[in-house]
Amino acid sequence: MAEYVLSCCSTADLKKEHFESRNISYICFHYFLDGKEYADDLGQTIPFSEFYQKMVDGADTKTSQINIQEYFEYFESFLKEGKDVLHISLSSGISGTCKSAKSAADIAAEKYPDRKIYVVDSLAASSGYGLLMDKLADMRDEGADIDELRDWTEKHKLELHHWFFSSDLTFFIKGGRVSKTAGFVGGLLGICPLLNVDFEGHLIPRKNIRSKKKVIREIVERMKENALDGLDYSDKCYMCHSACIDDAKAVAELVEQNFPKLRGKVEINDIGTTIGSHTGPGTVALFFWGKKRED
């Protein structure tokens, strides 16, 4: 059996040390801060706290997905060493990067016909995408081959749940996800929108909740409703946040109180600079395995 590489994009929003310890390769997105381009390198070049403070101070941000040539060169670095590649992509419902990765894989397959190169649309994002990668690393380490891992991902990826809330609508308004009028009213009333990722990988608003305290309780209620085995959920739970660690810790504490069989503590990561360029500070996300997403 040929050696294979398990790969993803930096938008899986795990720590650099996590990727390295699990032997997961990644390719970096790009973002622009006041017109200057940076790699979305997991906070190595610009720490996340500095990045979000610059957004608060009015810095202009935009993102750039990985192009076909970059993907090809990245894939080729493994293929020419005789390794196969399984690349799991950021959700196609959020970015066009999956299409670019598949185009690059087609080109690489022509040049390296004896190698396997698969690209799978995760329909996932941020540390939920990271939770999927961690599961795949477990299975690889237990002996699953590249075809088994690809097939398992296609079959089970919609069992991964993503729930988000934001206590700061500034950048949702700026990005057009919330109208200026709705944002103004929401700000006056302390509205915190609750969102999730649907079965097509799109980020969907589900409910407007008045006050941060209530939305923290509500996001945990959604885990109770959807988690595999309910309150007996015994797998991992990941979270991420954008410059609001206290809010993330409040959710994590409530999750750990309600799910006593959880596999370890809730792991909290930072929302990376690609996704954070669109959410801005004040966003908290919760990820877990559950029943299949069907809407």
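Q: Which label fits phenylalanine 75, buried or exposed?
A: This is a predicted model, in which local features need pLDDT of at least 70 and side-chain atom pairs count only at pLDDT 80 or more, while totals for chains, interfaces and linings use all residues. Residues are numbered from 1 along each chain as its sequence is written, and side-chain values use heavy atoms, leaving out hydrogens and water. Buried means under 20% relative accessible area, exposed over 50% and partly exposed in between, using a 1.4 Å probe and protein chains only. With a relative accessibility of 0%, phenylalanine 75 counts as buried.

Q: How many aromatic pairs are there?
A: Rings of Phe, Tyr and Trp (its six-membered ring) pair if their centres lie within 6.5 Å; planes under 30 degrees apart are stacked, over 60 edge-to-face and the rest tilted. By this rule, the count is 10.

Q: Why is the pair of tyrosine 71 and phenylalanine 75 given its class?
A: The ring centres of tyrosine 71 and phenylalanine 75 are 5.7 Å apart. Their planes meet at 25°, so the pair is stacked.

Q: Which helix holds both tyrosine 71 and phenylalanine 75?
A: Helices here are DSSP runs (H or I, at least four residues) and strands likewise (E, at least two), numbered from the N terminus. Tyrosine 71 and phenylalanine 75 sit four residues apart, so about one helical turn separates them. Tyrosine 71 is also buried, at 0% relative accessibility. The helix, covering residues 68-79, is α3.

Q: Which residues form one aromatic cluster with Phe51 and Tyr52?
A: Phenylalanine 51 and tyrosine 52 are both buried. Their ring centres lie 5.1 Å apart with planes at 75°, so this pair is edge-to-face. The cluster that holds Phe51 and Tyr52 also takes in Tyr31 and Tyr38.

Q: Which helix gives the most to the largest nonpolar core?
A: Nonpolar side chains tend to be buried together in soluble globular proteins. A nonpolar core is a set of buried Ala, Val, Leu, Ile, Met, Phe, Trp, Tyr and Cys residues joined through side-chain atoms within 4.5 Å. The largest one here has 90 residues, and Phe75, Tyr129 and Val251 are among those with the most contacts inside it. With seven residues, the element that gives the most to this core is α5.

Q: Which strand holds valine 284?
A: Valine 284 is buried, with a relative accessible area of 0%. Not counting residues up to four places away in sequence, its contacts (heavy atoms within 4.5 Å) include Trp163, Phe165, Met239 and Val251. The strand, spanning residues 283-289, is β13.

Q: How much space lies in the largest cavity?
A: On a 1 Å grid over the protein atoms alone, a cavity is a set of points where a 1.4 Å probe fits but cannot get out, and lining residues have an atom within 4 Å of a point. Points are joined across faces, edges and corners, and volume is the space filled by probe spheres set on them. The structure holds one cavity of 30 Å³ or more. The space in the largest cavity is about 40 Å³.

Q: Which helix supplies the largest share of that cavity's lining?
A: Leu131, Asp134, Lys135, Asp138, Asp235, Lys236, Arg263 and Trp289 line the largest cavity. Taking Ala, Val, Leu, Ile, Met, Phe, Trp, Tyr, Cys and Pro as nonpolar, Asp, Glu, Lys and Arg as charged, and the others, Gly among them, as polar, the lining has two nonpolar, no polar and six charged residues. Four of the lining residues come from residues 126-141, helix α5.

Terms used. 1 Å grid on protein atoms, 1.4 Å probe; cavity = no way out; pocket = protein on both sides within 12 Å on 5 of 7 lines; lining within 4 Å.
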